[in-house]
Amino acid sequence: MNFYIKKLIEAGENQQLDFKFEINDSRKIARTLVAFSNTDGGTILIGVKDNGRIAGIRSDEEYYMLEAAAQMYCNPPVNFSAKQWEIDNKIILEVTVPKSSTIPHFAKSEDNKWLAYIRKNDENILANSVLIKLWRRSKRKYGTFLTYREYEKWLLNYLNGNKTITASQFCKLTGLSRHRVEIILVNLIIMGAIEMDFFESGFIYRLTQPQP
């Protein structure tokens, strides 16, 4: 079984794998729990440094801080399972976080704000308000009625020639309010006309790419 954990470590941090040297702040680990829950699920190896070196957990207190993070600093609480592994006389905690069916989940920040995160490659990225609106809209029991008006046409024509746009660019080029821009973006994403991609530097929107 040690082979299983060592293979995980060799793969390095990625979309569904994160290393934590230790848990010394429930708020910080809550961000990773939320990011995995809101995206594809994932595994956290506690007691492993960023470079893959096995350090081992320092005490059982780390598990209780993890439990506190999931229950007190995640809203709604995040489900997880945990298993201990002994490798080279050191204890590693494997934490498995499934993709949630009740997104969005929010993590409580140091200044007591509730923020949503998503996972992109090996980074936890702060979700923007468009994505949060999209998550909440998808929970509706009724559909979205789209009125194809001036600015919807403008956006699709713009993307046909310029490939991508940000919400800030959309606001600046049209003079629309941020709220109006976000509603248009959400509507067109739901209708399948455009798609969103996200990076550490921010969120972009483009015409939906045809499937190969």
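Which residues in the largest nonpolar core touch the most other members? They are L155, L185, I194 and Y205, out of 31 residues in that core. The model here is predicted, and this core is a good place to start reading it.

Several elements feed the core. Those giving two or more residues are β7 (114-120), α4 (129-138), α5, α6 (167-174), α7 (178-190), β10 and β11. Helix α7 supplies the largest share, with six residues.

Take L185 next. Set aside its neighbours within four places in sequence. L185 is then in contact with V130, L155, A167, F170, I194 and Y205. Three of the names from the opening return in that list: L155, I194 and Y205.

There is also a second, separate core. This one has 22 residues, and among them are A30, A35, C74 and A107.

Now turn to the strands. Three of them form an open sheet in the order β9-β11-β10, and the pairing is antiparallel. The edges are held by β9 (164-165) and β10 (194-199), each of which pairs on one side only. Look at the link between β9 and β11. Strand β11 covers residues 202-207, and two bridges join it to β9, the two strands running antiparallel. Within this sheet, I165 stands opposite Y205 of β11. Y205 is also one of the core residues that touch the most other members.

From the sheet, move to helix α5, which spans residues 150-162 and contains E152. Is E152 buried or exposed? E152 counts as buried because its relative accessibility is 3%, and the cut-off for buried is under 20%. For a sense of distance along the chain, compare E152 with N162. They are 10 residues apart in the chain, and their C-alpha atoms are separated by 15 Å.

A second glutamate, E62, sits in helix α3, residues 61-72. What is the nearest side chain of opposite charge to E62, and how far away is it? It is R58, at 5.7 Å. A salt bridge needs a nitrogen of Lys or Arg within 4 Å of a carboxyl oxygen. E62 has no salt bridge, yet this residue is buried.

What, then, does the side chain of E62 reach? It reaches the backbone nitrogen of I23, at 2.8 Å. I23 also appears among the contacts of E62. Leaving out neighbours within four places in sequence, E62 is in contact with E22, I23, I46 and I57.

Terms used
Residues numbered from 1 in each chain as written. Predicted model: local features only at pLDDT ≥ 70, side-chain atom pairs only at ≥ 80, totals over all residues. Heavy atoms only, no water. Helix = DSSP H or I, 4+ residues; strand = E, 2+ residues; numbered from the N terminus. Buried < 20%, exposed > 50% of the residue type's maximum accessible area, 1.4 Å probe, protein only. Pairing = 2+ DSSP bridges. Core = buried A, V, L, I, M, F, W, Y, C linked by side-chain atoms within 4.5 Å. Contact = heavy atoms within 4.5 Å. Lys, Arg positive; Asp, Glu negative; His and termini not counted. Polar contact = N/O pair within 3.5 Å; in protein donor to acceptor, adjacent residues only side chain to side chain.
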